[in-house]
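Please look over the chain below. The report starts from a single residue and works outward to the whole fold.

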Amino acid sequence: MLDKTYILAIESSCDDTSASVIQNEQILSNVVANQEIHAKYGGVVPELASRAHQQNILPVVETALREANINKEQLHAIAFTQGPGLMGSLLVGTSFAKSMALALDIPLLAINHMQAHILAHFIDDANDIKPNFPFLCLTISGGHTQIVKVNDFFNMEILGETIDDAVGEAYDKTAKILGLPYPGGPLIDKYANTGLPVYKFTKPKVKAHHFSFSGLKTGILYFLQKQVKENPNFINENIENICASVQNTIAEILMDKLKTIVKETGITQVAIAGGVSANSEIRKRLAHAQKHFGWTTFIPKFEYTTDNAAMIAITAYQKFKLGLIEDQSITANPRLKVDV
């Protein structure tokens with residue numbers, strides 16, 4: 001194995017174009033270009049996302065190489081997000097990475113986006129300590145809600161997942177009902193910090209270790225419609241308490257399932273990953289579990305929670321060490337599963 005391995009990683013699964021350069025486990029650069037255009041539509045528009053990736057990918061890659069203070073000839077491999085994600089967005093990153101790897105005659109590494117969220121914990125500055133295998137990971141984002149048993153870097157098993165909507169979607173749809181701009185999850189978190197969870201919402205009853213957030217969204221909608229009918233200013237007058245109540249319910253749903261799985265498996269090393277893992281209440285609940293239940297918890301840096309190429313890079317480094325490289329026939333897979 002080389003003393004110093006340099007890998008360029010590209011992430012383009014949804015609406016953020018990102019490039020990162022890693023030297024072994026150390027991130028040398030992690031550049032993210034956001035797409036603000038989607039805010040006025042209240043959600044990601046796939047066609048607009050893929051066009052924006054085409055505009056952003058070259059300057060983002062050039063910036064990542066410059067910030068890492070290396071040139072492209074020093075790279076040992078190029079990695080890209082194969083899936084899951086939006087097909088058009090994935091194709092931009094896939095095509096760029098394949099072309100660059102071919103031009104430089106260096107290995108190509110295809111990365112599972114959901115595995116990468118979990119393996120972000122192994123970036124050198126992600127945590128003071130790293131998880132030991134096996135550990136559990138609550139992976140929560142706009143498109144996914146899963147509890148994953150992580151047996152090894154590329155041996156993962158889904159123990160529970162959403163049967164309908166993801167938790168991030170529940171946040172954003174609730175924010176839309178409240179009249180908050182997209183993305184609404186961070187705003188609900190912000191308002192919740194100054195409110196009280198005085199309103200109760202019914203928690204969905206789902207078999208085994210799975211999740212459901214569709215019914216919760218409907219329950220919130222009906223509750224607000226009833227209250228606004230009685231008081232047209234109800235939302236404006238109670239926005240902090242509404243957000244605190246929604247956030248409290250979602251955090252309880254997630255933690256109840258997690259506690260059950262910890263008890264059943266006996267695995268007390270618990271991590272969180274994905275964009276919603278930036279949520280302050282969920283982080284607080286996990287820290288509380290470490291203190292009161294004897295868990296060892298792993299809460300990543302904020303910069304490694306949302307979609308970013310650093311998580312692709314660390315996953316690529318682990319693949320590179322194992323010789324798990326791809327040929328030019330590899331294609332994007334928008335429905336790729338974490339446990340492949």
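## Gly168 and its surroundings

Setting aside residues up to four places away in sequence, Gly168 touches Ser141, Gly142 and Val276. The model is predicted. Gly168 sits in helix 4. Its relative accessible area is 5%. Buried means under 20%, so Gly168 is buried.

Gly179 follows 11 residues along the chain from Gly168. The C-alpha atoms of Gly168 and Gly179 are separated by 17 Å.

## The largest nonpolar core

Helix 4, at residues 167–177, also supplies at least two residues of the largest nonpolar core. That core has 43 residues. Phe213 and Leu254 touch the most other members. Strand 6 (135–140), helix 5 (185–192), helix 6 (214–230), helix 7 (234–265), strand 9 (269–273) and helix 8 (280–293) each supply at least two residues as well. Helix 7 gives the largest share, 14 residues.

What does Leu254 contact, leaving aside its neighbours within four places in sequence? The partners are Leu138, Ile140, Thr145, Val167, Phe211, Phe213 and Ile282.

## A second core

Another core lies apart from the largest one. It holds 37 residues. Among them are Ile118, Phe298, Ala309 and Ala313.

## Gln82 in strand 4

Gln82 belongs to strand 4, which covers residues 77–83. Is Gln82 buried or exposed? Its relative accessible area is 14%. The cut-off for buried is under 20%, so Gln82 is buried.

Beyond residues up to four places away in sequence, Gln82 touches Leu90, Ala110 and Ile111. It also touches Ile330, Thr331, Ala332, Asn333 and Leu336.

## The whole chain

The protein chain has 9 helices and 10 strands. Its radius of gyration is 20 Å, close to the 20 Å that the globule rule gives for 340 residues, so the chain is as compact as a globular protein of that length. Along its principal axes, the C-alpha trace spans about 65 × 45 × 30 Å.

Of the 340 residues, 54% count as buried. Take the contacts between residues at least 6 apart in sequence: 72% of them join residues at least 24 apart.

## Surface and charge

The protein chain exposes about 15,100 Å². Carbon and sulfur atoms supply 51% of that area.

The chain carries 30 positive and 34 negative charges. How far apart are the mean positions of the two sets? They are 7 Å apart.

Conventions: Residues are numbered from 1 along each chain as its sequence is written. This is a predicted model: local features need pLDDT of at least 70, side-chain atom pairs count only at pLDDT 80 or more; totals for chains, interfaces and linings use all residues. Side-chain values use heavy atoms; hydrogens and water are left out. Helices (H or I, at least four residues) and strands (E, at least two) are DSSP runs, numbered from the N terminus. The radius of gyration is taken over C-alpha atoms; the globule rule is 2.2 Å times the number of residues to the power 0.38. Buried means under 20% relative accessible area, exposed over 50%, partly exposed in between (1.4 Å probe, protein chains only). Contact means heavy atoms within 4.5 Å. Accessible areas come from the Shrake-Rupley method with a 1.4 Å probe; for residues, only the protein chains shown count as cover. Lys and Arg count as positive and Asp and Glu as negative; His and the chain ends are not counted. The place of a charge is taken as NZ of Lys, CZ of Arg, CG of Asp or CD of Glu. A nonpolar core is a set of buried Ala, Val, Leu, Ile, Met, Phe, Trp, Tyr and Cys residues joined through side-chain atoms within 4.5 Å.
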